[in-house]
Amino acid sequence: MKDTIAALVELQHIDDEIRVYQLQRNELAQNLDRLKAIVSQMAAEMEEKRVKLEEATGFYKDKQGELQADGERIAKAKTKLASVTRTKEYAAMQRELDNLRKKYAADESELIRLAEAMQEYEGSIATEEAKLGELRAEVDREEAASGDQLRELDERIASISKKKESAEGKLDRNLLTRYGRLLERRDGKAVVPVGPKGRCTGCQRLLPPQQYIQVQRGEKLLSCPNCQRYLYYAGPEEVDVAAEA
Ligand SMILES: [Zn+2]
């Protein structure tokens, strides 16, 4: 039974090691995902702005065409006015020409304002595009660096997994299944040392005195009655040291 307990403790230490690397791995992957999400959101916003600018450009061109047509109308009206001889008709045409000129002037200044606004908008798009470019380059660099780190972590996890296989070989299938379930349900800790006064270091409850004595003897595999984790005795002063061994 002592061998079984020792193998369980070994297995727990191996899983602790794997867990540390896996957490690092997840953190790296998550950071990268976050950066990528920021970039794609920015890219979507840029696309939206570009569409708006295109719409504004179309509107501007239409208005420009209208203005040009009005200009031609004014020119025609002027020519016509020169050939009018009757006073009444002349006055009416003069009024019409005035109205056309007023409209032309108003439309022209509106177009100028629109052109200015579009130019400003275009400038801000260009600035943001430059920022997006920088961010994309940063993500690429980060991805390359993370890729190296991820490969390194994967290699480490793979080599530890080999050690794990040999530790698992010392335990029977049922015990391994229970161990695996505990590991999953008990936050990665299936095997814990008993602390001073017989405290389960997994759930911090005190064991019944008789059970504490049995754990110290190490002749029987025992579980904490509260959290079901497997218990072992690591010596009177060695609880913390043993956890890191
Ligand atoms: Zn417990």
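Reader: What distance does H2, a helix of 82 residues, reach from its first C-alpha to its last?
Author: Helices are taken as DSSP runs of H or I with at least four residues, strands as runs of E with at least two, and both are numbered from the N terminus. The expected span of a helix is 1.5 Å times one less than its number of residues. For the 82 residues of H2 the expectation at 1.5 Å a residue is 122 Å, and the reach from the first C-alpha to the last is close to that, at 113 Å.

Reader: Which pLDDT do local features need in this model?
Author: Residues are numbered from 1 along each chain as its sequence is written. The model is predicted, and while totals for chains, interfaces and linings use all residues and side-chain atom pairs count only at pLDDT 80 or more, local features need pLDDT of at least 70.

Reader: In which order do the helices and strands of the protein chain run from the N terminus on?
Author: The protein chain has five helices and four strands. Read from the N terminus on, its elements follow the order α-α-α-β-β-α-β-β-α.

Reader: What radius of gyration does the protein chain have, where a compact globule of 245 residues would have one near 18 Å?
Author: The radius of gyration is taken over C-alpha atoms, and the globule rule is 2.2 Å times the number of residues to the power 0.38. Along its principal axes the C-alpha trace spans about 130 × 35 × 30 Å. Against the value near 18 Å for a compact globule of 245 residues, the protein chain has 40 Å.

Reader: How many of the 82 residues of H2 are buried?
Author: A residue counts as buried if 20 or more other C-beta atoms, placed from the backbone, lie within 10 Å of its own, as exposed if 12 or fewer do, and as partly exposed in between. Over the protein chain, buried residues make up 11% of the 245 residues. H2 is hardly covered, and the count of buried residues among its 82 residues is zero.

Reader: Which elements are included in what covers the buried residues of H1?
Author: H1 has 82 residues and reaches 121 Å from its first C-alpha to its last, close to the expected 122 Å. Its buried residues are Ile5, Ala7, Leu8, Val9, Leu11, Gln12 and Asp15. What covers them includes helix H2 (87–168), helix H3 (173–185), strand E1 (191–195) and E4.

Reader: Which residues does methionine 42 touch, not counting residues up to four places away in sequence?
Author: Methionine 42 lies in helix H1, and it counts as partly exposed because it has 16 C-beta neighbours inside 10 Å. Its C-alpha is separated by 9.5 Å from that of lysine 131, 89 residues apart along the chain. With contact meaning that C-beta atoms, placed from the backbone, lie within 7 Å, methionine 42 touches Leu132 and Leu135.

Reader: Which helix supplies the largest share of the side of domain 1 that touches domain 2?
Author: The domain bounds come from an automatic or database assignment, which gives domain 1 (2–62 + 113–168) and domain 2 (173–244). The contact takes ten residues from domain 1 and ten residues from domain 2. On the side of domain 1, the largest share is nine residues, and these come from helix H1.

Reader: What is the order of the strands in the open sheet of four strands?
Author: Two strands pair if DSSP finds at least two bridges between them. E1 and E2 pair in the antiparallel sense over two bridges, three bridges join E1 to E4 in parallel, and two bridges join E3 to strand E4 (residues 230–232), which run antiparallel. The sheet therefore has mixed pairing, in keeping with the rule that strands pair either parallel or antiparallel. Its order is E2-E1-E4-E3.

Reader: Which residue in the turn of the hairpin formed by E1 and E2 has a positive phi?
Author: Four of the five residues of E1 are buried, so this strand is largely enclosed by the rest of the structure. Glycine 195 stands opposite arginine 199 in E2. Three residues lie between E1 and E2 in the hairpin, and the one in the turn with a positive phi, of about 65 degrees, is lysine 197.

Reader: Is arginine 217 buried or exposed?
Author: Arginine 217 is found in helix H4 (residues 209–217). Because it has 12 C-beta neighbours inside 10 Å, arginine 217 counts as exposed.

Methods: Two residues are in contact if their C-beta atoms, placed from the backbone, lie within 7 Å.
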